[in-house]
Amino acid sequence: MTQLTLYNTRTRAKAPFTPLDASNVRAYLCGPTVYDRAHLGNARNVVIFDILIRLLRRLYPRVTYVRNITDIDDKINNRAKERGVSIEQVTEGPIRWYHEDMGALFTLPPDIEPRATDHLAEIIEIIERLIQNGHAYVAEGHVLFSVASDKEYGKFSGRTPDELIAGARVDIAPYKRDAGDFVLWKPSTPDLPGWPSPWGRGRPGWHIECSAMSWKHLGQDFDIHGGGDDLIFPHHENEIAQSCCAFPGSHFANVWVHNRMLLVNGEKMSKSLGNFLVLHDVLAKAPGEAVRFLLMRSHYRSTLDFSDAALIEARKELDRFYRALETHSGIEAAAEIPASVLEPLCDDLNTPGAIAALHALADAALAGDASAAAGLKAAGAVMGLFNLSPAQWFAGDVPAEVRALADARIAARKARDFAQSDRLRDEIAALGYTVEDGPNQTYKLRKS
RNA sequence: GGUCCGGUGGCAGAGUGGUGAUGCAGCGGACUGCAAAUCCGUGUAUGUGGGUUCGAUUCCCGCCCGGACCUCCA
């Protein structure tokens with residue numbers, strides 16, 4: 001079995017992956033805060049993790065994949081207040097859209113998709129433990145984590161408490177003992193959603209829900225925790241602090257996998273900059289698999305600058321793979337993933353390297369090598385590619401009108417009326433299709 | 001300001017201490033009524049100045065440029 005190697009943010013180094021329990025690899029991905037449509041950056045994160053999960057499932061008998069939904073959040077509260085509706089009414093649409101959009105990218109659903117609203121008991125228990133352990137304190141109705149109580153605090157993201165204070169750009173709440181202390185629980189006014197707690201009616205802070213949900217579903221220690229690299233600080237630093245201090249002796253996640261941010265026109269795509277591309281809009285102008293492929297064309301730890309040109313290129317590359325599969329139509333995927341693909345994937349998810357190997361397989365398949373086609377299909381499965389039949393990929397459901405024009409064109413060609421034949425080809429092109437002639441008066445249509 | 005990452009051909013994008021993958025685009029050719037697809041051939045690159053080395057794109061240092069985090073963000 002090929003050994004999987006992953007870059008671990010915690011150690012800032014690549015290392016062979018060793019599961020805590022090889023019979024059940026446990027992984028957690030920070031999921032969406034559901035108040036809006038998912039954007040393309042969310043998609044990169046989920047697609048990359050999807051490939052990791054597929055790969056792990058090839059390498060280990062069982063993988064438990066947990067991806068949470070954060071449905072408690074001030075932005076959600078604000079929307080609910082603006083619209084005069086419940087938070088459930090705010091989150092219901094975004095959750096459905098999220099599933100639809102991620103499904104369109106052929107990402108696998110997680111095994112467990114816990115919601116913050118279902119884990120108040122666990123959240124409260126962790127906070128109580130932290131207070132008991134002397135890692136948290138109550139102040140003016142808030143419960144705060146005391147960073148000074150945790151000598152490990154800051155190590156993960158590579159910063160010192162001094163740096164945190166120096167870098168603080170926000171007003172420091174007067175009830176905080178240290179500038180870096182963060183909220184575990186905060187009071188809710190009557191007009192805001194709230195839950196009963198030993199500290200009064202309130203709501204959890206931002207980071208605690210992930211500590212609670214990963215604990216509930218994966219245990220105190222688990223294998224892999226993923227997310228975008230903008231979450232390293234403060235989100236993941238705080239998750240580690242909360243979980244490790246609540247459960248002395250535990251180490252929380254073993255390996256931390258962070259993908260780099262997606263850029264648009266050379267700038268980070270973010271909600272605060274307002275330059276984010278809504279995934280749903282991108283999916284409207286390109287096939288989901290092309291979007292997926294685009295997101296794996298560069299290594300997950302390097303920046304990816306999105307452009308329409310890149311999206312077109314991604315689609316063209318997939319065309320070639322589908323053409324190779326088309327020449328061996330109906331072929332079954334090989335039982336084994338070709339080593340030329342598996343090796344780069346196992347080397348810290350080197351998807352561009354794997355794609356290069358895919359091209360070599362496609363070349364061989366186009367030259368008539370059926371085993372290469374079977375290997376291509378197997379390799380595609382672990383990367384979440386080739387989900388459609390070649391006919392679906394190229395043409396989808398061809399309108400009858402286009403079919404009729406193509407049939408008429410074949411008739412014209414039979415009669416050697418090439419002027420008419422070319423006119424019909426132009427008409428077909430105007431409807432968005434390209435017609436390719438095959439042997440013996442056959443043709444193929446594809447979307448142009 | 002502090003911390004960190006990166007600069008590879010027209011574009012996208014890997015690897016590697018020893019003549020620089022892969023794709024897209026381009027060019028020439030085969031095939032085709034013409035195309036499309038496919039096949040064959042083909043040009044162009046390691047930001048910059050030093051250092052280490054028999055040899056550096058790869059390691060080290062300076063410089064320039066770009067990006068990220070330090071605040072809600074995947």
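Of the contacts in chain A between residues at least 6 apart in sequence, 76% join residues at least 24 apart. The model described here is predicted, and its single set of values for chain A includes 16 helices and 15 strands. When taken along the principal axes, the C-alpha atoms of chain A fill a box of roughly 90 × 55 × 35 Å, and buried residues account for 51% of the 448 residues in the chain.

At the start of the chain, strand β1 (residues 5-8) and strand β2 (residues 13-16) run antiparallel and are joined by 4 bridges. Within this pairing, Asn8 stands opposite Ala13 of β2. The hairpin formed by β1 and β2 has 4 residues between its strands, and Arg12 takes a positive phi near 55 degrees there.

A parallel arrangement is found in an open sheet of 4 strands, whose order is β4-β3-β9-β10. The edges of this sheet are occupied by β4 (63-67) and β10 (253-259), each of which has a single partner strand, so that one side of each is left without a neighbour in the sheet. From one strand to the next, the twist of this sheet averages 20 degrees. Helix α6 packs on the sheet and touches β3, β4 and β9 (222-228), with a direction that makes about 160 degrees with that of β3. Strand β3 (residues 25-29) is paired with β4 in the parallel sense over 5 bridges; in this pairing, Ala27 has Tyr65 of β4 as its bridge partner, and Leu29 has Arg67 of β4.

Although β4 stands at an edge of the sheet, 5 of the 5 residues of β4 are buried, so the strand is largely enclosed by the rest of the structure. Both faces of β4 are covered, with Val63, Tyr65 and Arg67 buried on one side and Thr64 and Val66 buried on the other. Tyr65 and Arg67, which lie on one side of β4, are thus encountered both in the description of burial and as the bridge partners of Ala27 and Leu29, respectively.

Helix α1 (residues 40-59) comprises 20 residues and reaches 29 Å from its first C-alpha to its last, which is close to the 28 Å expected at 1.5 Å a residue. Of these 20 residues, 17 are buried, so α1 is largely enclosed by the rest of the structure. The loop between α1 and β4 contains Tyr60, a residue that counts as buried because its relative accessibility is 11%, a value under the 20% cut-off for burial. In sequence, Tyr60 and Asp21 are 39 residues apart, whereas their C-alpha atoms are 9.9 Å apart in space.

A second open sheet of 4 strands has the order β5-β6-β7-β8, and its pairing is antiparallel. Here β5 (136-139) and β8 (202-204) stand at the edges with a single partner strand each, so one side of each strand is left without a neighbour in the sheet. The twist in this sheet averages 20 degrees from one strand to the next. Helix α4 packs on the sheet, where it touches β5, β6, β7 (182-187) and β8, and its direction makes about 120 degrees with that of β7. The pairing of β5 with strand β6 (residues 142-145) is antiparallel and extends over 4 bridges, and Tyr137 has Leu144 of β6 as its bridge partner.

The helices that pack on these two sheets, α6 on one and α4 on the other, also approach each other. The axes of helix α4 (residues 120-132) and helix α6 (residues 208-218) come within 9 Å and cross at roughly 105 degrees; α4 and α6 are therefore roughly perpendicular to each other. On the α4 side, the contact is made by Glu122, Ile123, Glu125, Ile126 and Ile127, and on the α6 side by Ile208, Glu209, Ser211, Ala212, Trp215 and Lys216. Sorted by class, this contact of α4 with α6 has 6 nonpolar, 1 polar and 4 charged residues.

Definitions and conventions:
Residues are numbered from 1 along each chain as its sequence is written. Chains are lettered from A and ligands numbered from 1 in the order in which they are written. This is a predicted model: local features need pLDDT of at least 70, side-chain atom pairs count only at pLDDT 80 or more; totals for chains, interfaces and linings use all residues. Side-chain values use heavy atoms; hydrogens and water are left out. Axes are lines fitted to C-alpha atoms, for helices over the stretch in contact, and angles run from 0 to 180 degrees between N-to-C directions. Angles under 35 degrees count as roughly parallel, over 145 as roughly antiparallel, 65 to 115 as roughly perpendicular and the rest as oblique. Contact means heavy atoms within 4.5 Å. Ala, Val, Leu, Ile, Met, Phe, Trp, Tyr, Cys and Pro count as nonpolar, Asp, Glu, Lys and Arg as charged, and the others, Gly among them, as polar. Two strands pair if DSSP finds at least two bridges between them. The expected span of a helix is 1.5 Å times one less than its number of residues. Buried means under 20% relative accessible area, exposed over 50%, partly exposed in between (1.4 Å probe, protein chains only).
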